[in-house]
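I opened this entry to keep track of what I looked up, in the order I looked it up. The core came before the sheet, and the helices came last.

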Amino acid sequence: MVSVLIVNAQSLQRLGLRMLLGAAPGLTVAGETASGAEAVRLARALRPDVVLIDAHASGTDGLETVRRIAHPAHPSPAPHPAPPSPAPHPRILVLAPPGHERHAYAALRAGATGFLSEDATPDELIAAVRDVAAGEAVITPALTQALIDAVRRQDTVRTAGRDVDLDTLTGRERDVLVAVASGWSNAEIASRLSIAPTTVKSHVSHILTKIGARARVQAVAFAYESGLVHPAA
């Protein structure tokens, strides 16, 4: 069973999400809260597989909640040998209304694994929860280009590289990364670079691993920050 912690400021929305997810095969609701601070506590106590957090939770506080759940502080050393390591940290799926691409970009960089629009269908939401729990980075296709545009407009985009050097990427991986930063789908990349779609998927996976990214949008940010791609004038 995939356990889900619901974080949403609206009680009616929490009820609807609880009913939807609780009725889906293979999913169970571990808990719910309207508070970011309580979400951090419950994530540690309940150890859900997925935290479904509403972007309305909101602004800096919401981003800090994502960051604290994705990157919990290490506890002080225990006086006695510690028990076996607990389950991995939960993965985070952010729900946000259309038009909040900048917030979604920030949330992904804070540690969220996926971003889904609030106008997604129930089936899309259930599928996204399952994909995130399985370790997939989820961004709905309709929002990919909008998120990439938001990355391009970021005032913080710079030409200096991050901690990861571009030399860690092969020539073909750089080609694929440029294509991803241009907003191309895997099918488009395969067609334009004359390689198989499965090869594109493999290249994207290797790129994400090498640069320490969880989602394509983070890879887009890296492409701009490293100077591999430059914002359009």
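**Entry 1: Ile92.** I started from a single residue of this predicted model. Which residues does Ile92 touch, leaving out those up to four places away in sequence? I listed Val51, Ile53, Val66, Ile69, Ala70, Gly111, Ala112, Thr113, Gly114 and Val132.

**Entry 2: the cores.** I then looked up the largest nonpolar core, which has 24 residues. Ile92 is among the members that touch the most others, along with Val51, Ile53, Val66, Ile69, Val94 and Leu108. I asked which elements supply at least two residues each to this core. On the strand side I noted E1 (2-7), E3 (50-54) and E4 (91-96). On the helix side I noted H2 (36-46), H3 (59-70) and H4 (101-110). Another core, of 23 residues, lies apart from this one. Its members include Ala190, Ile195, Ile211 and Ala213. I added a general remark: in soluble globular proteins, nonpolar side chains tend to be buried together.

**Entry 3: totals.** I took the whole-protein numbers next. The protein has 233 residues, and 44% of them are buried. I found 10 helices and 6 strands. The exposed area is about 11,800 Å², with 55% of it supplied by carbon and sulfur atoms. For contacts with a separation of 6 or more, I read that 70% join residues 24 or more positions apart.

**Entry 4: the sheet.** In what order do the strands of the open sheet run? I wrote down E2-E1-E3-E4-E5-E6, 6 strands with parallel pairing. The edges are E2 (27-33) and E6 (138-139), each pairing on one side only. I checked some pairs one by one:

- E3 and E4 pair in the parallel sense over 5 bridges. Val50 stands opposite Arg91 of E4.
- E4 and E5 run parallel and are joined by 4 bridges. Leu93 has Gly114 of E5 as its bridge partner.
- E5 and E6 run parallel too, joined by 2 bridges. Gly114 has Val138 of E6 as its bridge partner.

I noted that Gly114 turns up in both of these E5 pairings. Gly114 is also on the contact list of Ile92.

**Entry 5: the faces of E5.** Are the residues of E5 that I checked buried or exposed? Gly114 and Leu116 point one way, Phe115 and Ser117 the other way, and all are buried.

**Entry 6: helices on the sheet.** I looked at H2 first. H2 packs on the sheet and touches E1, E2 and E3. The direction of H2 makes about 140 degrees with that of E2. Its buried residues are Gly36, Ala39, Val40, Leu42 and Ala43. An α-helix has 3.6 residues a turn, so residues three or four places apart point the same way. I compared this with the buried set in H2, which includes Gly36, Ala39 and Ala43. At the start of H2, a side-chain oxygen of Ser35 comes to within 3.3 Å of the backbone nitrogen of Ala37. After H2 comes Arg47, with a positive phi near 50 degrees.

Then I turned to H5 (residues 122-133). H5 lies across E1, E2, E3, E4, E5 (114-117) and E6. H5 runs at about 155 degrees to E4.

**Entry 7: H9.** I picked two residues of helix H9 (residues 197-211), His203 and Val200. Why does His203 count as buried? Its relative accessible area is 15%, and buried means under 20%. Beyond four places in sequence, His203 touches Arg172, Glu173, Val176 and Ile195. Val200 has 0% relative accessibility, so it counts as buried as well. With the same exclusion, Val200 touches Asn186, Ile189, Ala190 and Ile195. Ile195 is thus on the list for His203 and on the list for Val200. I also took a distance: the C-alpha atoms of Val200 and Ala187, 13 residues apart along the chain, are separated by 8.3 Å.

**Entry 8: H10.** Why is helix H10 (residues 216-225) described as largely enclosed by the rest of the structure? I counted 9 of its 10 residues as buried, so the description holds. The buried ones are Val217, Gln218, Ala219, Val220, Ala221, Phe222, Ala223, Tyr224 and Glu225. Gly227 follows H10, and its phi is positive, near 90 degrees.

Key:
Residues numbered from 1 in each chain as written. Predicted model: local features only at pLDDT ≥ 70, side-chain atom pairs only at ≥ 80, totals over all residues. Heavy atoms only, no water. Buried < 20%, exposed > 50% of the residue type's maximum accessible area, 1.4 Å probe, protein only. Contact = heavy atoms within 4.5 Å. Areas by Shrake-Rupley, 256 points an atom, 1.4 Å probe, with all protein chains shown as cover. Core = buried A, V, L, I, M, F, W, Y, C linked by side-chain atoms within 4.5 Å. Polar contact = N/O pair within 3.5 Å; in protein donor to acceptor, adjacent residues only side chain to side chain. Pairing = 2+ DSSP bridges. Axes fitted to C-alpha atoms, helices over the stretch in contact; angles between N-to-C directions.
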